[in-house]
Protein chains: 2
Amino acid sequence: MAFDRLIDKMIEKQNPTVAGLDPKLDYVPASIKEACFAQYGKTLEGAAEALLRFNKAIIDQIYDIVPAIKPQAAYYEMYGWQGVRALAATIAYAQEKGMFVITDGKRNDIGTTMEAYAAAHLGSTDVAGEQLDAFGADALTVNGYLGSDGIRPLMDICRKKDKGIFVLVKTSNPSSGELQDLLLENGATVYEQMGRMCEQWGESLVGRYGYSGVGAVVGATYPEQLKEMREKAPHTFFLVPGYGAQGGGAQDAKNAFDSNGLGAIINSSRGIMCAWKKQGLTEEDFAAAARQEALRMKADILSVIGEIKR
Amino acid sequence: MAFDRLIDKMIEKQNPTVAGLDPKLDYVPASIKEACFAQYGKTLEGAAEALLRFNKAIIDQIYDIVPAIKPQAAYYEMYGWQGVRALAATIAYAQEKGMFVITDGKRNDIGTTMEAYAAAHLGSTDVAGEQLDAFGADALTVNGYLGSDGIRPLMDICRKKDKGIFVLVKTSNPSSGELQDLLLENGATVYEQMGRMCEQWGESLVGRYGYSGVGAVVGATYPEQLKEMREKAPHTFFLVPGYGAQGGGAQDAKNAFDSNGLGAIINSSRGIMCAWKKQGLTEEDFAAAARQEALRMKADILSVIGEIKR
């Protein structure tokens, strides 16, 4: 099952973190932007090329120590189809380097439309008998508001192609409780109900480490809920945003893990991409700074969870 | 406000429907596919070009009688960035013809990431001082599971650029009730709560017709809930899927409208795109058949709601 491949990499690298690649053009050093604008003009194509070079430089610096990247689709879509082409190239480049790729798209729809998203982001597309990969990530974030009709179309691809999904359960943002924390008549909160559904959807997809291919997004900014969900959803692997820039610390993130240091992967996006600022370096040092921050973050989290054990 | 522009077109054309452009390659006639594969090979590029030609032919046949199209992002993403380029070209082509474009992307995220989606799909992107449109639709479907942090970033663009959003409230699929129908402790169902949130989010964006720029998706397959939400969310304009192929009829859809025949737009996707099958024509007649079906659907819905009045 999909998260077995990810967990293998996490154990091998002793690193329970994922680098979020949410590149804004503001983050890209002037030298890269100038080179791209000289070649392509101040166009979406020029911007997209700059993002791709930025991403590749970061991947080159971290692929040996970080198991996975998480590109956020929005930051590519804002640069049009040219940006989306840079997303595809980023995914392919990271996979060539042996990294596991989680596309953060929070996609959601039903039936054949959800099958189309599954083919787009995890599977392949049939073009007159040719099977072509559109984006070909290893996992995709999804939104479960539409119920099983929105999740089951992904199951086949998760099983056949060894891929995974992360369903939004308790998100890291301040207003996540407006809907997610409301108490249902059955005594559960909305997010708890969503967690139950993840356990059910994942039942037939449990892998070697006891975790299914249906994971959940639970934010480090809500450590109590993280702890609660770790207990209530024992087969659900967590993708945990909110560490660093959003305010979550290692002690908060600790609640996402089981006693073997398994069960979760902690994301940092701005912390990695903009590490040069915190380290008092220049923007041209962004890639080396990203590596330093990735090592610091890994050490920070291992300091509270200990060794990641098989 | 955004839906004023849409409502103006609906009144002018006396047509409360939107044509969903969710083109699967299977729907595209052999002659178009063969021409595209001859030029580009059996590639994502060839497939995307075929979809674009198919869409343009349908738009050419309906733009004078149908106020809007609703391309579904999934069916373009499955053909990679090349498919996404065809989405951008479809949006631009329909707008050139005077149509209102609703991108069905069900996007959702928080803060700056949601701003990136807003820029991508409704606004424009700053590239070194140049303001460039990435996709530039008139409205976008979104998922409100993350609460206000996921919706407010869209408000500015809705106000400044006269755009709109449709938040998923009660979706048309069989399993939509798994989460959406659950009863909250406050006595409301989850979908009703989401509808209340739409009313709140839209408060400062109410336009000439009494509807705000924050619309809602409510399925024709649940006519009772449609009626309920029409009463409980009087300023929320509805995008109504589920007519036709999914089983909803004109009498069901009627519940979405106010007494002036305003307040909703009814979507048909497969019904329009695959109309030639139902009409006993050949696939080469798909565009003319789409026009016939668009006229039939318009008449069907007007027969129950009467004239659309200002």
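Two strands are taken to pair if DSSP finds at least two bridges between them. In the predicted model described here, strand β9 (residues 238–240) of chain A and strand β10 (residues 264–268) of chain A satisfy this criterion, pairing in the parallel sense over three bridges. Within this pair, F238(A) has A264(A) in β10(A) as its bridge partner.

The pairing of β9(A) with β10(A) belongs to a wider arrangement. In chain A, eight strands form a closed barrel in the order β1-β2-β3-β6-β7-β8-β9-β10, with parallel pairing. On average, neighbouring strands of this sheet are turned by 30° against each other, direction ignored. Helix α1 (residues 2–13) of chain A lies across several of these strands, namely β2 (68–71), β3 (100–107), β6 (139–142), β7 (164–170), β8 (214–218) and β10 of chain A. The helix runs at about 130° to β3(A).

Taken as a whole, the secondary structure of chain A amounts to 14 helices and 10 strands. The radius of gyration of chain A is 19 Å, close to the 19 Å that the globule rule gives for 310 residues, and chain A is therefore as compact as a globular protein of that length. The C-alpha trace of chain A spans about 60 × 50 × 35 Å along its principal axes.

Chain B also contains a barrel. Its eight strands close in the order β1-β2-β3-β6-β7-β8-β9-β10, and the pairing is parallel. Neighbouring strands of this sheet in chain B are turned by 30° against each other on average, direction ignored. Strand β6 (residues 139–142) of chain B and strand β7 (residues 164–170) of chain B run parallel and are joined by four bridges. In this pair, L140(B) stands opposite I165(B) in β7(B). Helix α14 (residues 286–305) of chain B packs on the sheet, where it touches β1 (17–21) and β10 (264–268) of chain B. The direction of α14(B) makes about 145° with that of β1(B).

Helix packing was also examined in chain B. Two packed helices are described by the angle between their axes and the distance between the axes. Helix α2 (residues 30–40) of chain B packs against helix α3 (residues 44–62) of chain B at an angle of about 140°, and their axes are 8 Å apart. The crossing of α2(B) and α3(B) is right-handed. On the side of α2(B), the contact consists of I32(B), K33(B), C36(B), F37(B), Q39(B) and Y40(B), which meet E45(B), G46(B), E49(B), A50(B), R53(B) and F54(B) in α3(B). The residues of this contact comprise six nonpolar, two polar and four charged.

The relation between the two chains was then considered. A turn of 180° and a shift of 0.0 Å along the axis lay chain A on chain B with an RMSD of 0.0 Å. This is the relation of a two-fold axis. The C-alpha of chain A nearest the axis is that of L184(A), which lies 2.1 Å from it.

At the interface, 59 residues of chain A are in contact with 58 residues of chain B. The elements of chain A that give two or more residues to the side touching chain B are α3 (44–62), α4 (73–77), α5 (80–96), α6 (111–121), β4 (125–127), β5 (130–132), α8 (177–180) and α9 (190–202). Of these, α6(A) gives the most, with six residues. By class, the side of chain A that touches chain B has 32 nonpolar, 17 polar and 10 charged residues. Because 98% of the interface residues of chain A are also interface residues in chain B, the copies meet through the same surface.

Key. Residues numbered from 1 in each chain as written. Chains lettered and ligands numbered in written order. Predicted model: local features only at pLDDT ≥ 70, side-chain atom pairs only at ≥ 80, totals over all residues. Axes fitted to C-alpha atoms, helices over the stretch in contact; angles between N-to-C directions. Left-handed = near helix turned anticlockwise from the far one by under 90°. Contact = placed C-beta atoms within 7 Å. Nonpolar A, V, L, I, M, F, W, Y, C, P; charged D, E, K, R; others polar. Least-squares fit on C-alpha atoms with pLDDT ≥ 70 in both. Rg over C-alpha atoms; globule rule 2.2 N^0.38 Å.
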